[in-house]
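Here's a walk through one chain, from its open spaces to its packed interior. Have the coordinates loaded so you can follow along.

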Amino acid sequence: MKLIASLICRNEAQRYLGICIESLLTFCDEIRAVDDDSVDGSHSIMKKLGVKVLRNDRTEFFEHEGRARQKLLEWTMEGNPTHCVVVDCDEIIADGRQLRKSMEGPSKWGVWSLVMEEVWKADERALSIRQDGGWQAHPVPIAFAVPNMNDRRARRHYIIPDRALACGRVPAGIAMQGNRGATPSGTSILHFGWTCEADRDERYQRYVKHDGGNFHANTHLESIMWDGSRVHLSERKWPESMKDVKAGMLGRING
């Protein structure tokens with residue numbers, strides 16, 4: 001088994017990039033990334049940590065996410081993985097060793113799901129996971145066995161949907177198999193993208209500009225900025241795998 005983690009990065013140096021990569025290195029054989037014209041030192045951080053990086057000389061992700069993710073997919077396949085997991089730079093897999101163990105076992109469709117948990121708040125004691133509307137925890141099929149690329153049918157489905165936004169992060173064929181019945185991995189993926197309140201408005205404005213309700217319902221976009229009294233949260237303990245990085249995460253969240 002050769003498990004490669006695949007990610008796109010743009011200006012993540014001051015957020016969770018280093019912690020994300022170091023976590024992935026504990027259970028992945030290789031990390032491959034597309035650096036989307038970062039200007040904040042993200043590229044240097046990734047190279048220093050041993051990530052194999054393909055660098056864009058101009059930003060592509062917000063112009064057309066589907067084409068940017070297709071480039072990432074092709075770059076990842078150059079590493080000849082048998083298995084892949086696709087993550088974002090503001091995500092941490094709660095138990096990477098459990099994910100790997102699950103992927104070493106059988107799966108009817110060769111796709112594994114992780115439970116996506118949106119971390120809305122965090123403190124020393126616990127993580128607060130958003131559970132209302134489109135934010136509630138749900139399985140995402142983002143880990144998969146790489147199909148035989150000599151199979152013409154497999155190649156035809158092994159592309160990212162050509163959409164400017166909301167294209168998904170895995171090839172169309174993998175998404176189709178995942179919808180048929182992904183194998184639960186037994187772990188979750190924690191998304192910290194909205195946890196820092198100081199970043200929330202900027203990220204909201206960016207989504208509204210590039211989406212405008214074309215790919216995500218306006219009500220979902222508007223819920224990003226809801227008053228706290230309207231947001232439903234549940235608590236979970238910090239994963240054991242994050243005990244050594246908790247202080248660093250809180251520093252970034254509250255910084």
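## Sorting the residues

A quick word on classes before the numbers: Ala, Val, Leu, Ile, Met, Phe, Trp, Tyr, Cys and Pro count as nonpolar, Asp, Glu, Lys and Arg as charged, and the others, Gly among them, as polar. Keep in mind that this is a predicted model.

## The largest pocket

With those classes in hand, the lining of the largest pocket splits into 21 nonpolar, nine polar and 15 charged residues. The space inside comes to about 1,500 Å³. In total, 45 residues line the pocket, and the ones closest to its centre are Glu65, Arg69, Asp88, Arg169 and Tyr207.

Which elements give two or more residues to this lining? They are E1, H3, strand E6 (111-122), strand E8 (138-145), H6, helix H7 (197-211) and helix H8 (218-223). H7 supplies the largest share, six residues.

## The cavity

The structure has one cavity of 30 Å³ or more, and about 80 Å³ of space lies in it. Its lining is made of 13 residues, with Ser6, Leu72, Leu73, Val86 and Arg169 the closest to the centre. Helix H3 (65-77) and strand E4 (83-86) are the elements that give two or more residues to the lining, and H3 gives the most, with five. By class, the cavity lining has nine nonpolar, two polar and two charged residues.

Arg169 turns up in both places: among the residues closest to the centre of the pocket and among those closest to the centre of the cavity.

## Nonpolar cores

In soluble globular proteins, nonpolar side chains tend to be buried together. Here the largest nonpolar core has 44 residues, and the best-connected within it are Leu7, Leu24, Met46, Val85, Ile93 and Phe192. Take Val85: beyond its neighbours up to four places away in sequence, it touches Leu3, Ile4, Ala5, Ser6, Cys28, Ile93, Leu99, Ile142 and Ala143. Apart from the largest core lies another, of 11 residues, including Leu73, Cys84, Tyr158 and Val170.

Leu24 also belongs to helix H1, where the buried residues are Leu17, Ile19, Cys20, Ile21, Ser23 and Leu24. Because six of its eight residues are buried, H1 is largely enclosed by the rest of the structure. What do those buried residues pack against? Their partners are E1, strand E2 (30-36), helix H2 (42-48), strand E5 (91-93) and helix H9 (246-254).

## Thr76, a buried side chain in H3

Thr76 sits in helix H3. Is Thr76 buried or exposed? With a relative accessible area of 1%, it falls under the 20% cut-off, so it counts as buried. A polar atom of its side chain lies 2.8 Å from the backbone oxygen of Leu72. Leaving out neighbours within four places in sequence, Thr76 contacts Ile4, Ser6, Arg32, Pro81 and Cys84.

## His83 and Lys2

His83 is found in strand E4 and is buried, at 13% relative accessible area. Its contacts, not counting residues up to four places away in sequence, are Met1, Lys2, Leu3, Ile4, Met103, Trp112, Phe144, Ala145 and Val146. As for longer spacings, His83 and Val111 are 28 residues apart along the chain, and 9.5 Å separates their C-alpha atoms.

Lys2, one of those partners, lies in the segment before E1. Its relative accessible area of 27% makes it partly exposed. Besides His83, Lys2 touches Asp29, Glu30, Gly79, Asn80, Pro81 and Thr82, again setting aside residues up to four places away in sequence. With Glu30 there is a side-chain polar contact of 3.4 Å. Lys2 and Lys121, on the other hand, are 119 residues apart in sequence and 35 Å apart in space, C-alpha to C-alpha.

## Two positive phi values

Two loop residues are worth a look in your torsion plot. Asn11 isn't a glycine, yet its phi is positive, at about 55°. Asn11 is in the loop between strand E1 (3-9) and helix H1 (17-24) and is partly exposed, with a relative accessible area of 27%.

Ala166 also has a positive phi, near 55°. Its loop runs between helix H5 (152-157) and helix H6 (172-181). At 26% relative accessibility, Ala166 counts as partly exposed.

Key: Residues numbered from 1 in each chain as written. Predicted model: local features only at pLDDT ≥ 70, side-chain atom pairs only at ≥ 80, totals over all residues. Heavy atoms only, no water. 1 Å grid on protein atoms, 1.4 Å probe; cavity = no way out; pocket = protein on both sides within 12 Å on 5 of 7 lines; lining within 4 Å. Points joined across faces, edges and corners; volume = space filled by probe spheres on them. Helix = DSSP H or I, 4+ residues; strand = E, 2+ residues; numbered from the N terminus. Core = buried A, V, L, I, M, F, W, Y, C linked by side-chain atoms within 4.5 Å. Buried < 20%, exposed > 50% of the residue type's maximum accessible area, 1.4 Å probe, protein only. Contact = heavy atoms within 4.5 Å. Polar contact = N/O pair within 3.5 Å; in protein donor to acceptor, adjacent residues only side chain to side chain.
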